[in-house]
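Visitor: I should be grateful for a close look at a single part of this model, beginning with its loops and following the charged side chains from there. Please give the account in one connected answer.

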Amino acid sequence: MNAIETKWIAVGSIADIPREGARCVEAGALRIAIFRTVDDDVYAIEDRCPHKGGPLSQGIVHGGCVTCPLHNMVIALESGEAQGADEGRVTVFRTRQRDGLIFVSGADIASATARQPVSTAA
């Protein structure tokens, strides 16, 4: 296991996120939505719906899923997979909690950042 695989990045306190709510963090060009369920489970996914790019952090959290506020696509928080008849997926980031703090996997962030398209705008 290398150093980046063991690095966990603190992104805030669980108390800062209401139950069935979300907060966002930026990692370069990447926007990550951190969700808290009614049972205090915490998930982190890309804050971009695979359908039309809607802000998942503004969606409704329910039963381990979030519903996109734009067109009602339902995304499983654990897998990032679209539910029902919809197709698509978002990037999922591993999370941990310790002493009330939420940590996101630095390795997952590095991997997702490396996959981001490079802008060629002049």
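Guide: In this predicted model, Glu 78 is placed in the loop that runs from strand S7 (74-76) to strand S8 (92-93). Its relative accessible area is 63%, so Glu 78 counts as exposed. Glu 78 belongs to a negative surface patch, where its partners are Glu 20, Asp 39 and Asp 41.

Two other loops hold residues with an uncommon backbone angle. Most residues other than glycine have a negative phi. Asn 72, by contrast, has a positive phi, near 65°, and sits in the loop between strand S6 (65-67) and S7. With a relative accessible area of 55%, Asn 72 is exposed. Asp 99 also has a positive phi, near 55°; its loop connects strand S9 (95-98) with strand S10 (101-105). Asp 99 is exposed as well, at a relative accessible area of 77%.

These loops belong to a chain with 2 helices and 10 strands. In sequence order the elements follow the pattern α-β-β-β-β-β-β-β-β-β-β-α. Of the 122 residues in the protein chain, 39% are buried.

From the loops, the account passes to the paired charges. Side chains of opposite charge can pair when their charged atoms come close. The structure contains 6 salt bridges, among them one between Arg 19 and Asp 40, with N and O 2.7 Å apart. This pair links distant parts of the chain, since Arg 19 lies in the loop between strand S1 (8-13) and strand S2 (21-27), and Asp 40 in the loop between strand S3 (30-36) and strand S4 (42-46), 21 residues apart. Arg 19 is partly exposed, at 47% relative accessibility, and Asp 40 is likewise partly exposed, at 23%.

Another salt bridge joins Arg 31 to Asp 47, whose closest N and O atoms are 2.9 Å apart. Arg 31 is in strand S3, whereas Asp 47 is in the loop between S4 and strand S5 (60-62), so the bridge ties together parts that are 16 residues apart in sequence. The two ends differ in their surroundings: Arg 31 is partly exposed, with a relative accessible area of 38%, but Asp 47 is buried, at 7% relative accessibility.

Arg 94 and Asp 108 form a further salt bridge, with the closest N and O atoms 2.9 Å apart. Because Arg 94 lies in the loop between S8 and S9 and Asp 108 in helix H2, this pair ties together parts 14 residues apart in sequence. Here Arg 94 is partly exposed, at 43% relative accessibility, while Asp 108 counts as buried, at 16%. Elsewhere, salt bridges with shared partners join Arg 19, Arg 36 and Asp 40 into one network.

Asp 108 leads finally to helix H2 itself, which spans residues 106-115. Alongside Asp 108, the buried residues of H2 are Gly 106, Ala 107, Ile 109 and Ala 112. An α-helix has 3.6 residues a turn, so residues three or four places apart point the same way. At the start of H2, a side-chain oxygen of Ser 105 comes within 3.3 Å of the backbone nitrogen of Ala 107.

Conventions:
Residues numbered from 1 in each chain as written. Predicted model: local features only at pLDDT ≥ 70, side-chain atom pairs only at ≥ 80, totals over all residues. Heavy atoms only, no water. Buried < 20%, exposed > 50% of the residue type's maximum accessible area, 1.4 Å probe, protein only. Helix = DSSP H or I, 4+ residues; strand = E, 2+ residues; numbered from the N terminus. Polar contact = N/O pair within 3.5 Å; in protein donor to acceptor, adjacent residues only side chain to side chain. Patch = residues over 30% accessible without salt bridge, like charges linked within 9 Å, V, L, I, M, F, W, Y side chains within 5 Å. Areas by Shrake-Rupley, 256 points an atom, 1.4 Å probe, with all protein chains shown as cover. Salt bridge = Lys/Arg side-chain N within 4 Å of Asp/Glu carboxyl O. Lys, Arg positive; Asp, Glu negative; His and termini not counted. Charge placed at Lys NZ, Arg CZ, Asp CG, Glu CD.
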